[in-house]
Amino acid sequence: MKSPDRPTDLDINRTGIFLSPLDGPATVEAARQSRPTSPGTEQELAELRRQFAEEAHPIGHMPPPLAVRAVLQEFKGLIHGHRYGVLLDKLGERLAFERTGVRLFDALIVKLEAQDTWDGGPTLETLVEFRGDEANHFTLIHEVLVHLGADPTVVTPSADLVGVESLGLLQTIADPRTTLAQSLHAQMVAELVDAAGWDQLCMLAGVVEQQPLAAKFRAAHAQEVHHRDTVIAWLNRHAELAALGELKYSA
């Protein structure tokens, strides 16, 4: 199977019009003379969106816990002032994101096996290790939710949100046309979000005065920071080698 061309190699690209002295101006002029397909202006569209935003219902709500009595006995004061709902919502968010994180690394492993890495780039062993971390983080959040008397299968509002947000990342990495480096760029976005999410969970555990949870979350956060920094280092090395012209053809 022929190795893919590097995206930075010069080839046919018809997206630009600036360097086309005939077709460029003609395209701009045609756009100016074209009539809109529907009545209205940008201001009216913005007003319509504002109305929708004002009238729309929330993405979702938090369900009641499965075992309120158990929660009240073990976590006194946690339910007061919406703290319980906020914590469960963010736990649901991380659960959804960690599930996606496992799938992202699954797709990265496939991409690495299909393409070449580079000097200082990702290795199969490291990707497998990071995938295992994501799976362990998923299990941790699942166990915490059960311990708090919550249903880990519930899609909380924040979980719903990150599910939509992360869809593009998974599509990018799974796309057979993207290179390993391009896929890692999407993974970098995921790692930045994931590290920030765990940092927020550490803060929330402190707010609700659950230090044992905070300690577990800090350990997971440290691993995610390591993932983030490693992926950034891989991408920086790739850019350096590309700029020096020292990349393998298929990398």
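A salt bridge here is a side-chain nitrogen of Lys or Arg within 4 Å of a carboxyl oxygen of Asp or Glu, and by that rule the count comes to eleven. This is a predicted model, where local features need pLDDT of at least 70, side-chain atom pairs count only at pLDDT 80 or more, and totals for chains, interfaces and linings use all residues. Residues are numbered from 1 along each chain as its sequence is written, and side-chain values use heavy atoms, with hydrogens and water left out.

**The overall picture**

- The protein has nine helices and zero strands, with helices (H or I, at least four residues) and strands (E, at least two) taken as DSSP runs numbered from the N terminus.
- Read along the sequence, that gives α-α-α-α-α-α-α-α-α.
- Of the 251 residues, 36% count as buried, where buried means under 20% relative accessible area, exposed means over 50% and partly exposed is in between (1.4 Å probe, protein chains only).
- The accessible surface is about 15600 Å², and 58% of it belongs to carbon and sulfur atoms; the areas come from the Shrake-Rupley method with a 1.4 Å probe, and for residues only the protein chains shown count as cover.
- Take the contacts (heavy atoms within 4.5 Å) between residues at least 6 apart in sequence: 80% of them join residues at least 24 apart.

**Salt bridges around Arg 94**

- Side chains of opposite charge can pair when their charged atoms come close.
- Lys 90, Glu 93, Arg 94, Glu 98 and Asp 194 are linked in a network of salt bridges.
- Glu 93 and Arg 94 meet at 3.0 Å, N to O; Glu 93 counts as buried at 11% relative accessibility, and Arg 94 is buried too, at 1%.
- Glu 98 also bridges to Arg 94, with the closest N and O atoms 3.9 Å apart.
- Those two sit four residues apart in helix H4 (residues 83–114), so about one helical turn separates them.
- An α-helix has 3.6 residues a turn, so residues three or four places apart point the same way.

**Two buried glutamates**

- Glu 98 is found in H4 and counts as buried at 0% relative accessibility.
- Leaving out residues up to four places away in sequence, Glu 98 touches Glu 134, His 137, Phe 138, Asp 194, Trp 198 and Glu 224.
- Glu 224 belongs to helix H9 (residues 211–244).
- Glu 224 is buried yet has no salt bridge; the nearest side chain of opposite charge is Arg 94, 6.8 Å away. For charge, Lys and Arg count as positive and Asp and Glu as negative, while His and the chain ends are not counted.
- With the same sequence neighbours left out, Glu 224 touches Glu 98, Glu 134, His 137, Glu 191, Asp 194, Ala 195 and Trp 198.

**Helix H5**

- H5 has 24 residues and reaches 35 Å from its first C-alpha to its last, close to the 34 Å expected at 1.5 Å a residue; the expected span is 1.5 Å times one less than the number of residues.
- The buried residues of H5 include Asp 133, Glu 134 and His 137, alongside Leu 127 and Phe 130.
- The buried residues of H5 pack against H4, H8 and H9.
- Just after H5, Gly 149 takes a positive phi of about 80 degrees.

**Helix H9 and its surroundings**

- H9 has 34 residues and spans 49 Å from first C-alpha to last, close to the expected 50 Å.
- Arg 237 forms a salt bridge with Asp 119, the closest N and O atoms being 2.7 Å apart.
- That pair links distant parts of the chain: Arg 237 is in H9, while Asp 119 is in the loop between H4 and helix H5 (124–147), 118 residues apart.
- Arg 237 counts as partly exposed at 23% relative accessibility, whereas Asp 119 counts as exposed at 53%.
- Phe 105, Phe 130 and Trp 234 form one aromatic cluster.
- The structure holds three aromatic pairs; rings of Phe, Tyr and Trp (its six-membered ring) pair if their centres lie within 6.5 Å, with planes under 30 degrees apart counted as stacked, over 60 as edge-to-face and the rest as tilted.

**Backbone oddities**

- Most residues other than glycine have a negative phi, and most peptide bonds are trans.
- Glu 209 has a positive phi of about 60 degrees although it is not a glycine.
- Glu 209 lies in the loop between helix H8 (180–207) and H9, and counts as exposed at 63% relative accessibility.
- Gly 245, just after H9, takes a positive phi of about 70 degrees.
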